[in-house]
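Let's take a friendly walk through this model, from its overall fold to its pockets and aromatic rings. Keep the viewer open as you read.

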Amino acid sequence: MNVQIRRLDRQEAGLAEEVVRWFKGSSRSPGSMRGFLGNPANYLLIAEAEGEVGGFLMAYRLERADREASQMFVYELGVAAPLRGQGLATALIEGITALARAEGMFEAFVLTSQGNDPARRLYARTGGVVEDDSAVLFVYPFGAEAPPGPQQQGS
């Protein structure tokens, strides 16, 4: 299967909005998406197979106070169910790591859960190494979508 990876830019805000809506169920407006895509620290890559979008990857360049070089945070990757196992996810990871290297970043990293075996195999197969297998993710939810906190439970 011929897979093409490309980074979307401001002029492709309409396509970006469609891709995010298709994979995530919601998206920004095209005007807001232009701002997102215009920020050089934001990356939205798509995988096209047979002329159709079959996958996406969102990543962010992180500037560090302790280093001159930045690092790439691979935030999310998704491939359409019918196209899984056909190399799109591998191509997306290879695409973002190539961009990070070309831009002089010192590393790229991604988080996943212990139980996500397909993701763990993908990241290992594409050269990722486990730095800390005991890491725990804490989230600080804000706003209307935040789940009830301990003080609100049982009220």
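## Fold, pockets and rings

Among the contacts in the chain with a separation of 6 or more, 57% join residues 24 or more positions apart. Please keep in mind that this is a predicted model. The chain has four helices and five strands, and along the sequence they follow the pattern β-α-α-β-β-β-α-β-α. Taken along the principal axes, the C-alpha atoms fill a box of roughly 55 × 35 × 35 Å. Of the 155 residues, 30% count as buried. The accessible surface of the chain comes to about 10000 Å², and carbon and sulfur atoms hold 51% of that area.

Now for the empty space. Rolling a probe the size of a water molecule over the atoms shows where such space is left. The table puts two pockets side by side.

| Pocket | Volume | Lining by class |
|---|---|---|
| Largest pocket | about 1200 Å³ | 16 nonpolar, nine polar and seven charged residues |
| Second largest pocket | about 520 Å³ | 13 nonpolar, eight polar and three charged residues |

Which residues lie nearest the centre of the largest pocket? They are Phe109, Val110, Leu111, Val129 and Glu131, out of 32 lining residues. The elements β4 (71-79), α3 (88-102), β5 (107-110) and α4 (117-125) each supply at least two residues of this lining. The largest share, five residues, comes from α3.

The second largest pocket is lined by 24 residues, and the closest to its centre are Leu77, Ala89, Pro118, Ala119 and Leu122. Here β4, α3 and α4 each bring at least two residues to the lining. In this pocket β4 gives the most, with six residues. The elements β4, α3 and α4 thus appear in the lining of the largest pocket and also in that of the second largest pocket.

Next come the aromatic rings. A pair of them is described by the distance of the centres and the angle of the planes. How many aromatic pairs does a search of the whole structure find? The search finds six. One of the pairs is formed by Trp22 and Phe23, which are edge-to-face at 4.5 Å centre to centre, with 80° between the planes. Trp22 has a relative accessible area of 54%, so this residue is exposed, the cut-off being over 50%.

Phe73 and Tyr75 also make an edge-to-face pair, with 5.8 Å centre to centre and 80° between the planes. Is Phe73 buried or exposed? Phe73 counts as buried because its relative accessibility is 17%, under the 20% limit. Tyr75, at 48%, falls between the two limits and therefore counts as partly exposed. Both residues belong to a cluster in which ring pairs link Phe36, Tyr60, Phe73, Tyr75 and Phe109. Phe109 is worth a second look, as this cluster member is also among the residues nearest the centre of the largest pocket.

One last stop is a charged residue in a loop. Glu12 sits between β1 (3-7) and α1 (13-24). Its relative accessibility is 19%, so Glu12 counts as buried, under the 20% limit. Leaving aside residues up to four places away in sequence, Glu12 touches Arg6, Arg7 and Leu37.

Technical notes: Residues numbered from 1 in each chain as written. Predicted model: local features only at pLDDT ≥ 70, side-chain atom pairs only at ≥ 80, totals over all residues. Heavy atoms only, no water. 1 Å grid on protein atoms, 1.4 Å probe; cavity = no way out; pocket = protein on both sides within 12 Å on 5 of 7 lines; lining within 4 Å. Points joined across faces, edges and corners; volume = space filled by probe spheres on them. Nonpolar A, V, L, I, M, F, W, Y, C, P; charged D, E, K, R; others polar. Buried < 20%, exposed > 50% of the residue type's maximum accessible area, 1.4 Å probe, protein only. Contact = heavy atoms within 4.5 Å. Areas by Shrake-Rupley, 256 points an atom, 1.4 Å probe, with all protein chains shown as cover. Phe/Tyr/Trp six-rings, centres within 6.5 Å; stacked < 30°, edge-to-face > 60°.
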